[in-house]
Amino acid sequence: MFVGHYSAALAAKAAEPGAPLWTYVIGAQLLDIGWSGLVIGGVERVSFDPNLPGSTLVLEHMPWTHSLPSAVLWSVAAALVVRFAMKLSWRACIFMSLVVFSHWIADFLVHRPDLELWFGGTKVGLGLWNHPLPEEALEIGLLAVAGAFWAGQRVRAGRHVWPAALFLALLVALQIVAMLTAAPGSAQQLGMTGLAIYLAFGAIAWLIERGKDDVADRLPAVAARA
Ligand SMILES: [Zn+2]
């Protein structure tokens with residue numbers, strides 16, 4: 001799962017707009033942000049098998065980011081950080097932890113068995129990656145549904161819909177580019193590319209909400225021009 005993870009961020013924003021979009025966007029990929037850092041540092045390990053369908057990743061060792069207990073810990077930690085560092089409501093914190101944990105659930109659907117149920121324990125994964133077409137359809141389908149809810153929330157809040165459409169278009173474009181490009185040459189390269197993409201989308205989400213794009217705000221300007 002790649003861009004499909006962001007559907008959880010968009011659905012959470014629609015259900016609980018109290019948290020900034022960028023926190024949900026970073027939260028949806030928090031496990032992979034940690035994973036990218038640990039792969040660059042050589043703590044978690046990945047290799048590539050070009051003969052594998054769907055994804056060429058062989059995720060050999062990633063207990064600190066993608067085991068079930070780690071995913072729970074990252075989710076709780078993220079909720080506490082947004083609670084105490086950003087003073088968000090408890091409801092927003094709960095949504096934040098659900099977004100972070102959704103990453104593990106989505107990975108469980110698509111990964112081949114590489115997610116530890118306990119440190120060093122049984123590895124699980126339903127392996128939808130082995131069926132690339134339904135896997136891609138699932139990612140884009142989840143994005144479309146969550147994106148529609150998010151766009152609806154923006155309309156209700158009196159904000160423009162086009163930034164949401166642009167964000168969704170960028171995500172779909174990213175998925176297509178990821179599908180068409182060859183696997184990176186090394187694990188470090190993959191980690192650095194991943195990190196850059198995850199942080200860039202966090203920044204884009206921040207920019208989307210930073211711009212003052214209330215429809216009501218623009219009305220006087222439109223009227224003045226008319
Ligand atoms: Zn992951």
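**Helix packing and the zinc site**

Helix α3 passes helix α5 in a right-handed crossing. In this predicted model, the contact between the two helices is built from Leu-30, Leu-31 and Gly-34 on the α3 side, and from Ala-71, Trp-74 and Ala-78 on the α5 side. Sorted by class, the residues joining α3 to α5 comprise five nonpolar and one polar, with no charged residues. The geometry of the pair is readily described: α3, spanning residues 30-40, and α5, spanning residues 68-86, pack at an angle of about 110 degrees, and their axes lie 10 Å apart. An angle from 65 to 115 degrees counts as roughly perpendicular, and α3 and α5 are therefore roughly perpendicular to each other.

Helix α5 also packs against α6, here at an angle of about 150 degrees and with the axes 8 Å apart. This angle makes α5 roughly antiparallel to α6. The crossing of these two helices, α5 and α6, is right-handed. From α5, the contact draws on Leu-68, Ala-71, Val-72, Trp-74, Ser-75, Ala-78, Ala-79, Val-82, Arg-83 and Phe-84; facing them in α6 are Trp-90, Cys-93, Met-96, Ser-97, Val-100, Phe-101 and Trp-104. By class, the residues of this α5 and α6 contact are 14 nonpolar, two polar and one charged. Ala-71, Trp-74 and Ala-78 of α5 thus appear in the contact with α3 as well as in the contact with α6.

A further partner of α6 is helix α1, which covers residues 6-15; α1 and α6 pack at an angle of about 165 degrees, with their axes 9 Å apart. The two helices, α1 and α6, are therefore roughly antiparallel to each other, and their crossing is right-handed. On the α1 side the contact involves Ala-8, Ala-9, Ala-12 and Ala-15, which meet Arg-91, Phe-95, Val-99 and Ser-102 of α6. Six nonpolar residues, one polar and one charged make up this contact of α1 with α6.

Attention now turns to the metal. The zinc ion is coordinated by an OD atom of Asp-32, NE2 of His-66, NE2 of His-103 and an OD atom of Asp-107, at 2.1 to 2.2 Å. Along the chain, these donors follow the spacing D-x33-H-x36-H-x3-D. Two of them, His-66 in helix α4 (residues 63-66) and Asp-107 in helix α6 (residues 90-110), link distant parts of the chain, being 41 residues apart. The angles among the four donor atoms run from 83 to 173 degrees, and the site of the zinc ion is irregular. For comparison, the ideal angle at a metal with four tetrahedral donors is 109.5 degrees.

Key: Residues are numbered from 1 along each chain as its sequence is written. This is a predicted model: local features need pLDDT of at least 70, side-chain atom pairs count only at pLDDT 80 or more; totals for chains, interfaces and linings use all residues. Side-chain values use heavy atoms; hydrogens and water are left out. Axes are lines fitted to C-alpha atoms, for helices over the stretch in contact, and angles run from 0 to 180 degrees between N-to-C directions. Helices (H or I, at least four residues) and strands (E, at least two) are DSSP runs, numbered from the N terminus. Angles under 35 degrees count as roughly parallel, over 145 as roughly antiparallel, 65 to 115 as roughly perpendicular and the rest as oblique. A crossing is left-handed if the near helix is turned anticlockwise from the far one by less than a right angle, and right-handed if clockwise. Contact means heavy atoms within 4.5 Å. Ala, Val, Leu, Ile, Met, Phe, Trp, Tyr, Cys and Pro count as nonpolar, Asp, Glu, Lys and Arg as charged, and the others, Gly among them, as polar. Donors are N, O and S atoms within 2.8 Å of the metal (3.2 Å for Na, K and Ca); water is not among the atoms, so sites may look incomplete. Four donors count as tetrahedral if all angles lie between 85 and 135 degrees; four count as square planar and six as octahedral if opposite donors are over 155 degrees apart and all others between 65 and 115; anything else is irregular.
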